[in-house]
Amino acid sequence: MKKKTLLATLTAAAMLAGLLTGCGSQQPETPAPQESTIQTEGSSEASGEPAVSVQDSDAAKAEAFGYELNLNPGGSLNGQYAGQTLTVFCCTGEFSEPLQESIDAFQKLSGATVNLYIYSFDELNSKIALALAGDEEMDITCFVSAYMDTFNSVGQLANLTELSGQYGSPDYNWNGFSKALLERTSDSDGVFAVPYQVCEMMGFYRKDLIEDPAIQADYKEKTGKELTVPETTDELKEIAAYFSKSENPDSPTTYGFLSQGVTNAAMWSWMSRLGSFGGTMFGDDWTAEFNSQAGIDAMNYNKSLLSYGPANWNEYGFDEVNAMMASGEVFMCENWSSAYPSINAGDMAGKIGCCVTPGNSPVISGWSLGINALSEKQELAWKFIEFATSEDGEMTRIDNGVAPARDINIQRLMDAGEDVGYYTAITDSLGCDKTCWGDICLPYLGSQGSSIIDTYTQSMYKGSISAEDTLNNMESEIDTALKSVGINH
């Protein structure tokens with residue numbers, strides 16, 4: 001390992017204060033978790049046996065969604081890394097099992113041993129911060145894409161553009177990724193993390209009710225308008241009111257609209273509205289552009305939406321929103337794309353539609369794979385990322401609401417007859433002119449920006465402060481935090 005810098009250590013300390021994000025992973029503060037790791041079965045530490053040292057041609061073959069896949073295009077892996085070991089960090093949940101499958105095949109083809117360490121979300125970010133400062137052994141990590149700026153603020157991530165040029169296979173396609181995702185993990189010097197998974201805020205609605213002739217007729221009689229999937233903020237409010245018993249006693253659902261309101265999540269719905277009112281979050285130099293009339297209008301609008309949901313809105317997180325939607329009590333919810341399988345299940349199976357969040361300015365997030373700049377195994381680390389994120393490699397990881405990061409693979413899924421409505425909504429969301437990253441990860445400061453924004457959003461929704469004062473306070477505290485690390489506007 002190279003000698004760590006003082007600034008890197010300080011950055012790690014700041015990040016250890018708490019990194020929180022989207023994709024259904026937000027949690028209230030908890031005591032420091034006990035370490036829990038899982039390693040691959042073929043690892044030397046787990047089994048005492050060496051990894052396979054010769055190429056296993058069968059490991060290059062796979063099948064998914066009717067496609068015959070080649071996981072080793074160009075035959076670039078032929079057992080030449082026997083005797084080398086990689087350490088990979090990953091989060092629990094839908095990330096770890098598919099990554100484990102990629103590791104199993106990679107070990108057979110490369111000859112290397114790969115040790116996978118799986119942590120809870122909060123513990124993962126602490127471990128990453130320590131590893132990037134040189135206090136933990138880690139070669140590769142799967143992390144929230146928006147953290148690239150913080151992790152790389154003192155050069156803690158390897159330049160993957162350079163590594164792919166030096167060690168990469170000519171068959172690897174950089175152009176297949178969604179532009180929005182790849183831009184988030186890049187700067188003028190190159191790409192520092194490869195998109196691994198996309199998450200985005202989407203609208204999930206009762207398709208069966210929208211298509212019911214009796215409900216369509218009643219809506220037309222009461223409003224004078226046709227009942228369609230809401231695309232604008234005005235349409236959302238009108239339709240949410242119709243499907244709320246508090247506004248329409250004849251509504252077939254109790255609530256018209258619901259979104260996450262728990263700590264570190266309430267801000268996302270407001271951010272989803274900001275672009276539709278003509279605003280943006282930050283300028284290129286982290287100037288707070290959200291403190292504008294658009295920000296005020298979006299904040300007041302979103303507060304008004306709370307009247308169409310349960311009174312205890314601030315107790316609803318990712319799982320609670322999903323459960324309420326799956327119960328049939330809610331006409332429309334806004335949640336991360338990975339929520340779809342749990343909503344479109346049970347009594348609601350086949351009754352749930354997907355759409356871009358009304359207003360066409362969705363919040364997006366995602367996870368990426370990056371290499372520790374301190375790792376002494378840069379070549380092997382790149383070969384693993386290349387393997388796991390190739391076009392065919394990604395197809396083996398798509399399951400249970402995990403959306404691919406490559407546009408080409410989204411199209412392959414739709415061509416194969418997968419849920420076209422779901423994947424169309426993902427594609428349309430990524431293609432919106434106005435998108436907003438849900439993880440406010442300030443340089444050197446981790447998720448401090450998200451905490452500031454969410455705290456004031458919660459206060460405003462509860463009536464403790466006006467929208468104008470909310471945005472002024474947000475801007476002031478973020479500016480103070482940035483100044484504390486030497487960033488002045």
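# A tour of pockets, cavities and helix pairs

About 740 Å³ of space lies in the largest pocket, our starting point. This is a predicted model, in which local features need pLDDT of at least 70 and side-chain atom pairs count only at pLDDT 80 or more, while totals for chains, interfaces and linings use all residues. Residues are numbered from 1 along each chain as its sequence is written, and side-chain values use heavy atoms, with hydrogens and water left out.

**Stop 1: the largest pocket.** Select R184, F282, T435, C436 and W437, the closest to the pocket's centre of the 26 residues that line it. A pocket here is an open set of points on a 1 Å grid over the protein atoms alone, with protein on both sides within 12 Å along at least five of seven lines; lining residues have an atom within 4 Å of a point. Next, colour α5 (148–151), α7 (179–184), α11 (266–274) and β13 (436–437), the elements that give two or more residues to this lining. Helices (H or I, at least four residues) and strands (E, at least two) are DSSP runs, numbered from the N terminus. Which element gives the largest share of the lining? That is α7, with 3 residues. By class, the pocket lining has 12 nonpolar, 7 polar and 7 charged residues. Asp, Glu, Lys and Arg count as charged; Ala, Val, Leu, Ile, Met, Phe, Trp, Tyr, Cys and Pro as nonpolar; and the others, Gly among them, as polar.

**Stop 2: the largest cavity.** A cavity is a set of grid points where a 1.4 Å probe fits but cannot get out. The whole structure has 2 cavities of 30 Å³ or more, and the largest cavity has a volume of about 120 Å³. Volume means the space filled by probe spheres set on the points, which are joined across faces, edges and corners. Select F257, S259, Q260, L306 and W313, the closest to the centre of this cavity among its 13 lining residues. Then show β9 (258–259), α11 and α12 (293–305), which each give two or more residues to the lining. The cavity lining divides into 7 nonpolar, 6 polar and no charged residues.

**Stop 3: helix pairs.** Two packed helices are described by the angle between their axes and the distance between the axes. Axes are lines fitted to C-alpha atoms, for helices over the stretch in contact, and angles run from 0 to 180 degrees between N-to-C directions. Keep α12 on screen and add α10 (residues 233–242): their axes come within 11 Å and cross at roughly 15°. The two are therefore roughly parallel (angles under 35 degrees; over 145 is roughly antiparallel, 65 to 115 roughly perpendicular, and the rest oblique).

Now select α17 (residues 407–415) and α18 (residues 420–430), whose axes come within 9 Å and cross at roughly 160°. That makes α17 roughly antiparallel to α18.

Finally, return to α12 and add α20 (residues 467–484): they pack at about 120°, with axes 9 Å apart. That makes α12 oblique to α20.
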